[in-house]
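Visitor: I'd like a quick tour of this model. Could you show me how to read its features one by one?

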Amino acid sequence: MPEAKRQFMRRALELAARGLGSVEPNPMVGAVIVRDGQEIAAGWHRRFGGPHAEREALAAAREAGRDVHGATMYVTLEPCCHHGKTPPCTEAILQAGIARVVVAMTDPDERVAGRGLALLVEAGLAVEVGVCEAEARELLAAYVKLRTLARPWVVCKWAQTADGFLALPAGQGRWVSGEASRLRVHELRGICDGLCAGSGTVLADDPLLTNRSGRGRHPARVVLDGRLRTPPDSQVIVTARAELPVLVATTARAIAGEPARAESLRRAGVELLDLPAGPGGRGVDLPALLDELGRRRWTRVLIEGGAAVLRSVLEAGLADELWVFVSPRRAGPNAEGLPRLDIAEFRERLALSGVAEERLGPDVLLRFRRA
């Protein structure tokens, strides 16, 4: 394959990635228009409900006074061929007189799924598929999972000491990780539809569970609470509102056993999710929760803890990606009774691939995906 093709597609992929956190549940898509081996216009899908990448690139060409008739368009995902929030991109491509379309991957959306490419071929355009396909699939893994399995991409996040503990002994401070790592967590929250924590974490730490990075979206908060223990006066509950919703995932048995608390939570604006109980009657059934979130078209959900919740997700094989912040600090000999979840254990037990390391002050962020 000529290197120029890969270069133009990689440029389109770089543009597509700019939509992360803004376009979901739509896919991130980038497009580059090329004539005589030179880029003449480019665009990407910027926000949900806004113009798609192909139309953005064509508009950029018009604004620059550049003729696209007979040109080649590189696009990271098969152009859509159905009417949604915007008209079909295949229609715009044909009207503009584009002669050749190079696509990284077909769209798994059943409304497209090869139909967009077929329309272009039937109209006489030259079409090529598969340039930088592996890179495109990696970028769009969450979108592909939502479209094919109807479940969100599951990211597990935790901060641990060098010796594998999620907390420090009394007197050694509140935070395991440093300030740069905590900012990175808020940025991660900003690209997720929701974040989950167990009721034990709410009871122990009374967290807000919000994105305070100043960038990205404000995810919904989900409390996993099989016994309906969440206090109505906890921070996550009292801050519930339409633009910052709170869902408490529980069971019919727990709701029946705690009717006053259930009513108090509902009055606070909380949505109670009546789910099946988990294995052995404990907690809530995590696959059922993911099915429910998939019905709501959530693309990414972040699991933040505590240790029991994270371990349950990992051991059930439900995690797609892991973000582990490893501090150089050690819990040491006074660690008895502290929660423990060491990435070293799961690197051996789970099929993890694609480890990436990022230095954040004194900490190291390790990122894995399930193979």
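Guide: Sure. Let's begin with burial: a residue counts as buried when its relative accessible area is under 20%. Keep in mind that this is a predicted model.

Visitor: Then is Asp 193 buried or exposed?

Guide: Asp 193 has 14% relative accessibility, so it counts as buried. You'll find Asp 193 in the loop between helix 7 (179-189) and strand 7 (194-198).

Visitor: Which residues is Asp 193 in contact with, leaving aside neighbours within four places in sequence?

Guide: With those left aside, Asp 193 is in contact with Arg 217, Pro 219, Ala 220, Trp 298, Thr 299 and Arg 300.

Visitor: Where is Leu 77 found, and is Leu 77 buried or exposed?

Guide: Leu 77 sits in the loop between strand 3 and helix 3 (89-96). Its relative accessible area is 2%, so Leu 77 is buried. Not counting residues up to four places away in sequence, Leu 77 touches several others, among them Pro 27, Val 29, Glu 54, Leu 140 and Tyr 143. Met 105 is also one of the residues touched: the two are 28 residues apart in sequence, yet 5.2 Å apart in space, C-alpha to C-alpha.

Visitor: On to the sheet. In what order do the five strands of the open sheet come?

Guide: The order is 2-1-3-4-5, with mixed pairing. Strand 2 (38-44) and strand 5 (126-129) are at the edges; each has a single partner strand, so one side of each is left without a neighbour in the sheet. From one strand to the next, the twist averages 15°. Helix 2 (residues 53-63) packs on the sheet, where it touches strand 1, strand 2 and strand 3, and its direction makes about 130° with that of strand 2.

Visitor: How many bridges join strand 1 to strand 2?

Guide: Six, and the two strands run antiparallel. To see one pairing, take Gly 30, whose bridge partner in strand 2 is Trp 44. The hairpin of strand 1 and strand 2 has two residues between the strands, and Asp 36 takes a positive phi there, near 55°. Strand 1 (residues 30-35) also runs antiparallel to strand 3 (residues 72-75), with four bridges joining them. There, Ala 31 has Val 75 as its bridge partner in strand 3.

Visitor: Which residues of helix 13 are buried?

Guide: In helix 13 (residues 307-315), the buried ones are Ala 307, Val 309, Leu 310, Val 313 and Leu 314. Their arc around the axis is only 165°, which puts them on the same side of helix 13. After helix 13 comes Gly 317, with a positive phi near 70°.

Visitor: And how do I read empty space?

Guide: The general idea is to roll a probe the size of a water molecule over the atoms, which shows where empty space is left. Here, the largest pocket has a volume of about 1,600 Å³. Of the 50 residues that line this pocket, Thr 201, Glu 304, Gly 305, Gly 306 and Ala 307 lie nearest its centre. The elements giving two or more residues to that lining include helix 7, strand 7 and helix 13.

Visitor: How many cavities of 30 Å³ or more does the structure hold?

Guide: Two, and the largest cavity has a volume of about 60 Å³. Its lining includes Val 154, Cys 196, Ile 303 and Val 313. Helix 12 gives the largest share of this lining, three residues. Remember Val 313 from earlier: this cavity-lining residue is one of the buried residues of helix 13.

Technical notes: Residues numbered from 1 in each chain as written. Predicted model: local features only at pLDDT ≥ 70, side-chain atom pairs only at ≥ 80, totals over all residues. Heavy atoms only, no water. Pairing = 2+ DSSP bridges. Axes fitted to C-alpha atoms, helices over the stretch in contact; angles between N-to-C directions. Contact = heavy atoms within 4.5 Å. Buried < 20%, exposed > 50% of the residue type's maximum accessible area, 1.4 Å probe, protein only. Arc of directions from axis to C-beta. 1 Å grid on protein atoms, 1.4 Å probe; cavity = no way out; pocket = protein on both sides within 12 Å on 5 of 7 lines; lining within 4 Å. Points joined across faces, edges and corners; volume = space filled by probe spheres on them.
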